[in-house]
Amino acid sequence: MVTGVARFRHYTLFSGANNLEDISFMKDYAAICGITLEELHHYFRKGVEDLAAQNSKSVEEVTEALLQKYDGYRFTDAEAHVFNPYSLLSALKQQRWVEP
């Protein structure tokens, strides 16, 4: 996988002989570069619970705050919103709200 902000077709990434496919806006890959709400509940439940306890909030309140603060990436017209991974993981690690 190649990531970045520039389109790869404008660069000689593989000595000009490549057949790369840009999946940036394909529905099948809409959530590949972020953390979904389902993944937050499944993999990061303990971090959310700890953040809630640290801030005297319920898990639901913290989840809603995380959605408001760090969820917002959407790469297709599919209903697949993803959290900013760096900011979300920083908030869970530091147990406080972190500005992106």
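**Salt bridges and helix H2**

The structure holds 3 salt bridges. Keep in mind that this is a predicted model. I'll start with those bridges, then go to helix H2, then to a few single residues.

Background for the bridges. Side chains of opposite charge can pair when their charged atoms come close.

Take Asp77. Its salt-bridge partner is Lys27, and the closest N and O atoms are 3.4 Å apart. Where do Asp77 and Lys27 lie? Asp77 sits in the loop between strand E1, residues 71–73, and strand E2, residues 82–83. Lys27 sits in the segment before H1. So this pair ties together parts that are 50 residues apart in sequence. Both ends are on the outside: Asp77 is exposed, and Lys27 is exposed too.

Next, Arg45 and Glu49. They form a salt bridge, with the closest N and O atoms 3.2 Å apart. Both are in helix H2, 4 residues apart, so about one helical turn separates them. How accessible are they? Arg45 has 36% relative accessibility, so it counts as partly exposed. Glu49 has 34%, so it counts as partly exposed as well.

Then Lys46 and Asp50. Their side chains meet in a salt bridge at 2.9 Å, N to O. This pair also lies in helix H2, 4 residues apart, about one turn of the helix. Lys46 is exposed, with a relative accessible area of 56%. Asp50, at 30% relative accessibility, is partly exposed.

Now helix H2 itself. Look at residues 45–54. Which residues of H2 are buried? Gly47, Val48, Leu51 and Ala52. Why do they fall on the same side of H2? Because they cover an arc of only 140 degrees around the axis. Now turn the helix over. The face away from the buried side carries the exposed residues Lys46, Ala53 and Gln54. Lys46 is one you have met already, in the salt bridge with Asp50.

What do the buried residues of H2 pack against? Three helices: H1 at 37–43, H3 at 59–70 and H4 at 85–94.

Let me zoom in on H3. H2 and H3 pack with their axes 9 Å apart, at an angle of about 105 degrees. An angle from 65 to 115 counts as roughly perpendicular, so these two helices are roughly perpendicular to each other. Which residues meet there? From H2, it's Arg45, Val48, Glu49, Leu51 and Ala52. From H3, it's Val59, Val62, Thr63 and Leu66. Note two names in that H2 list. Arg45 and Glu49 are the salt-bridge partners from earlier. And three more, Val48, Leu51 and Ala52, are among the buried residues of H2.

Stay with H3 for one residue. Tyr70 lies in this helix. Is Tyr70 buried or exposed? Buried, with a relative accessible area of 3%. Tyr70 and Leu88 are 18 residues apart in sequence, yet their C-alpha atoms are 6.2 Å apart in space.

Two backbone points next. H2 is followed by Ser56, in the loop between H2 and H3. Ser56 has a positive phi of about 55 degrees, although it is not a glycine. Ser56 is exposed, with a relative accessible area of 69%. The second point is Gln95, in the segment after H4. Gln95 also has a positive phi of about 55 degrees, and it is not a glycine either. Is Gln95 buried or exposed? At 18% relative accessibility, Gln95 counts as buried. The cut-off for buried is under 20%.

Let me step back to the whole chain. It has 4 helices and 2 strands. From the N terminus on, they run α-α-α-β-β-α. The chain has 100 residues, and 27% of them count as buried. It exposes about 7300 Å², with carbon and sulfur atoms supplying 52% of that. For contacts with a separation of 6 or more, residues 24 or more positions apart account for 54%.

To recap. One salt bridge, Asp77 with Lys27, links parts 50 residues apart in sequence. Helix H2 holds the pairs Arg45 with Glu49 and Lys46 with Asp50. The buried side of H2 packs against H1, H3 and H4.

Note on methods:
Residues numbered from 1 in each chain as written. Predicted model: local features only at pLDDT ≥ 70, side-chain atom pairs only at ≥ 80, totals over all residues. Heavy atoms only, no water. Buried < 20%, exposed > 50% of the residue type's maximum accessible area, 1.4 Å probe, protein only. Arc of directions from axis to C-beta. Contact = heavy atoms within 4.5 Å. Salt bridge = Lys/Arg side-chain N within 4 Å of Asp/Glu carboxyl O. Areas by Shrake-Rupley, 256 points an atom, 1.4 Å probe, with all protein chains shown as cover. Axes fitted to C-alpha atoms, helices over the stretch in contact; angles between N-to-C directions. Parallel < 35°, antiparallel > 145°, perpendicular 65-115°, else oblique.
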